[in-house]
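Q: I am new to this structure and would like a close look at one part of it. Please pick a part and walk me through it slowly, explaining the terms as you go.

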Amino acid sequence: MHEMAMAEGIMDIVKDYAEKNNAVKVHTISLLIGEMTGVVVDSLEFCFKALSKGTIAENAEIKLKNVPLVGHCNDCNWQGHIENYNFFCPHCKSGHMDIISGRELRVEYLEVD
Ligand SMILES: [Zn+2]
């Protein structure tokens with residue numbers, strides 16, 4: 001239940017944000033989902049809907065943005081999309097790659113009343 005744990009994490013952020021902003025209703029939740037998280041979007045939405053029932057986030061619209069997996073090579077400075085989780089530089093074959101994006105799962109913004 002990977003997605004349920006993630007939905008709970010999102011719900012915590014939403015509740016926290018709503019409290020700080022004295023919100024009474026959450027309209028939109030925009031999420032950034034990295035390619036590497038392997039999240040099944042339908043499943044995440046389903047879990048979130050179940051969790052948000054009876055809360056201020058009930059019936060909130062969930063917007064999802066996929067973040068591609070991008071790596072940077074420390075040896076030749078190549079930067080680009082990593083295909084098939086192959087973490088070797090396609091330019092110089094180095095294994096000294098940093099992940100620039102694609103691991104995130106976070107709330108980008110919330111629209112509340
Ligand atoms: Zn390289």
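**The sheet and its two helices**

A: Let's begin with helix α2, residues 41–52, which lies across β1 and β2 and runs at about 150 degrees to β2. A few words need explaining here. Helices (H or I, at least four residues) and strands (E, at least two) are DSSP runs, numbered from the N terminus. Contact means heavy atoms within 4.5 Å. Axes are lines fitted to C-alpha atoms, for helices over the stretch in contact, and angles run from 0 to 180 degrees between N-to-C directions.

Please keep in mind that this is a predicted model, in which local features need pLDDT of at least 70 and side-chain atom pairs count only at pLDDT 80 or more, while totals for chains, interfaces and linings use all residues. Residues are numbered from 1 along each chain as its sequence is written, and side-chain values use heavy atoms, with hydrogens and water left out.

Now to the sheet itself. It is open and has 3 strands in the order β2-β1-β6, with mixed pairing; two strands pair if DSSP finds at least two bridges between them. β2 (61–67) and β6 (105–112) are at the edges with a single partner strand each, so one side of each has no neighbour in the sheet. From one strand to the next, the twist averages 20 degrees.

What makes the pairing mixed can be followed from strand β1. On one side, β1 (residues 26–34) is joined to β6 by 7 bridges, and these two run antiparallel. You can trace this pairing in the picture: T28 has E111 as its bridge partner in β6, and I33 is partnered with L105 in β6. On the other side, 7 bridges link β1 to β2, and this pair runs parallel. Here S30 stands opposite K63 in β2.

β1 is also mostly covered, with 8 of its 9 residues buried. For these words, buried means under 20% relative accessible area, exposed over 50%, and partly exposed in between (1.4 Å probe, protein chains only).

A residue in the loop between α2 and β2 is worth a stop: A60. Its relative accessible area is 6%, so A60 is buried. Leaving out neighbours within four places in sequence, A60 is in contact with V26, H27 and I29. Along the chain, A60 and I29 are 31 residues apart, with their C-alpha atoms separated by 6.8 Å.

Next comes the other helix. Helix α1 (residues 2–20) lies across β1 and β6, at about 40 degrees to β6. With 19 residues, α1 reaches 28 Å from its first C-alpha to its last, close to the 27 Å expected at 1.5 Å a residue; the expected span is 1.5 Å times one less than the number of residues.

Which residues of α1 are buried? They are E3, M6, A7, I10, M11, V14 and A18. Seen down the axis of α1, these buried residues fall within an arc of 145 degrees, so they line one face of the helix. The arc is that of the directions from the helix axis to the C-beta atoms. Among the elements covering these residues are β1, α2 and β6. If you turn to the other side of α1, you will find D12, E19 and K20 exposed. Just after α1, N22 takes a positive phi of about 50 degrees.

That brings us back to α2, where K49 has its place. K49 has a relative accessibility of 47%, so it counts as partly exposed. Compare its position with that of A7, one of the buried residues of α1: K49 and A7 are 42 residues apart along the chain, and their C-alpha atoms are separated by 8.9 Å.

To put the picture together, start from β1, which has β2 as its parallel partner and β6 as its antiparallel one. Then add the helices: α1 lies across β1 and β6, whereas α2 lies across β1 and β2.
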